[in-house]
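Biologist: I would like a close look at one part of this model, set against the rest of the chain. Please keep to what can be computed from the coordinates.

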Amino acid sequence: GKLAVYGTDLRIYQPDSNNQSLKLLLHLEDKPVQPVVKETRKPEYSRSGRKISTVNLKYTDINQPTTAIGVEDELDLLGVLRAEETPMETEMQIDSMSTCLKEVKLYDLRQMKEICTLKINEVINRPGCDVASTSTIILDLDILIIHVKSSSRGRIYFYQLQEALDEDE
């Protein structure tokens, strides 16, 4: 058996023959995105005439990567869904949240080698008050299902997997 640890990144381990230690088979990691801070200073004057200034900080590019996995036992496939959660804000208030489904990587479950990458590039928007969202990937023979659920709505994407054509065709 294999042990998978995932969330913002993915690590898959396999125990050695003595079950004494774990060997890292696969590690996918998104580099953390540092938020860009934009600072605006607006000079103001108090009633007594003293100069004061207020500082408004605005954080942009706060993207939270997420990873979900699905396994197809009969074909020995591992599917890894890479997505990104992004808040959309104006004037220091989150107006909406976006889930961007980036790609699905398919791996041979026995050898942990990448078979192919399927670009998805779907964006799902939801209200800013709806902050909880989960993405799930399901593999069943030649069907790939991606389910994105939030507290207010859900979306399901169906894909049919096909064998890759030869380069000559």
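In which sense, parallel or antiparallel, do strand 2 and strand 3 pair, and over how many bridges?

Modeller: The model is predicted. Strand 2, residues 9-15, and strand 3, residues 22-29, are antiparallel partners, and seven bridges join them. Within this pair, Ile 12 of strand 2 faces Leu 26 across in strand 3. The two strands make a hairpin, with six residues lying between them. One of the residues in that turn, Asn 19, has a positive phi of about 55°.

Two residues of this pair also appear in nonpolar groupings. Leu 22, in strand 3, belongs to a surface patch together with Leu 3 and Val 5. The combined accessible area of these three is about 250 Å². Of the patch members, Leu 3 sits in strand 1, which covers residues 3-6. Its relative accessibility is 39%, so Leu 3 is classed as partly exposed, the band between 20% and 50%. Leu 10, in strand 2, is instead counted in a nonpolar core of ten residues, described below together with the other core.

For context, the protein has twelve strands and zero helices. Read from the N terminus, the order of elements is therefore β-β-β-β-β-β-β-β-β-β-β-β. The protein has 169 residues, and 31% of them count as buried. Its accessible surface is about 11700 Å², with 49% of that belonging to carbon and sulfur atoms. Among contacts with a separation of 6 or more, 39% are between residues 24 or more positions apart.

Next, the cores. The largest nonpolar core contains 16 residues, and the members with the most contacts inside it are Leu 81, Leu 101, Val 104, Ile 137, Leu 139, Leu 144 and Ile 146. At least two residues of this core come from each of strand 7 (77-90), strand 8 (93-108), strand 9 (113-127), strand 10 (133-140) and strand 11 (143-150). The core of ten residues lies apart from this one; besides Leu 10, its members include Ile 69, Leu 78 and Tyr 107. Leu 101 can serve as an example from the largest core. With neighbours within four places in sequence set aside, Leu 101 has contacts with Leu 81, Arg 82, Ala 83, Ile 120, Asn 121, Glu 122, Ile 124, Ser 135, Ile 146, Val 148 and Tyr 157.

A second hairpin can be set beside the one you asked about. Strand 11 and strand 12, the latter spanning residues 154-160, run antiparallel and are joined by seven bridges. Here three residues separate the two strands of the hairpin. His 147 has Ile 156 of strand 12 opposite to it.

Strand 7 and strand 8 also come together outside the core list. Thr 86, located in strand 7, has a relative accessible area of 14%, so it falls under the 20% limit and is buried. The C-alpha atoms of Thr 86 and Ser 98 are 5.1 Å apart, although the two residues are twelve residues apart in sequence.

Charged side chains add further links. Side chains of opposite charge can pair when their charged atoms come close. In the whole structure, a search gives six salt bridges. One of them joins Glu 84 and Lys 102, where the closest N and O atoms are 3.4 Å apart. Glu 84 is in strand 7 and Lys 102 in strand 8, so this pair connects distant parts of the chain, 18 residues apart. The partners fall into separate accessibility classes: Glu 84 is buried at 17%, while Lys 102 is partly exposed at 33%.

Another pair, Glu 103 and Lys 119, has its closest N and O atoms 3.0 Å apart. Since Glu 103 is in strand 8 and Lys 119 in strand 9, this salt bridge ties together parts 16 residues apart in sequence. Glu 103 is buried, at 14% relative accessible area, whereas Lys 119 is exposed, at 62%. Glu 103 also meets Lys 105 in a salt bridge, with an N to O distance of 3.9 Å. Lys 105 is itself buried, at 16% relative accessibility. Glu 103, Lys 105 and Lys 119 belong, together with Glu 114, to a network of salt bridges.

Notes. Residues are numbered from 1 along each chain as its sequence is written. This is a predicted model: local features need pLDDT of at least 70, side-chain atom pairs count only at pLDDT 80 or more; totals for chains, interfaces and linings use all residues. Side-chain values use heavy atoms; hydrogens and water are left out. Patches are made of residues with over 30% relative accessible area and no salt bridge: like charges are joined within 9 Å, nonpolar side chains (Val, Leu, Ile, Met, Phe, Trp, Tyr) within 5 Å. Accessible areas come from the Shrake-Rupley method with a 1.4 Å probe; for residues, only the protein chains shown count as cover. A salt bridge is a side-chain nitrogen of Lys or Arg within 4 Å of a carboxyl oxygen of Asp or Glu. Helices (H or I, at least four residues) and strands (E, at least two) are DSSP runs, numbered from the N terminus. Buried means under 20% relative accessible area, exposed over 50%, partly exposed in between (1.4 Å probe, protein chains only). A nonpolar core is a set of buried Ala, Val, Leu, Ile, Met, Phe, Trp, Tyr and Cys residues joined through side-chain atoms within 4.5 Å. Contact means heavy atoms within 4.5 Å. Two strands pair if DSSP finds at least two bridges between them.
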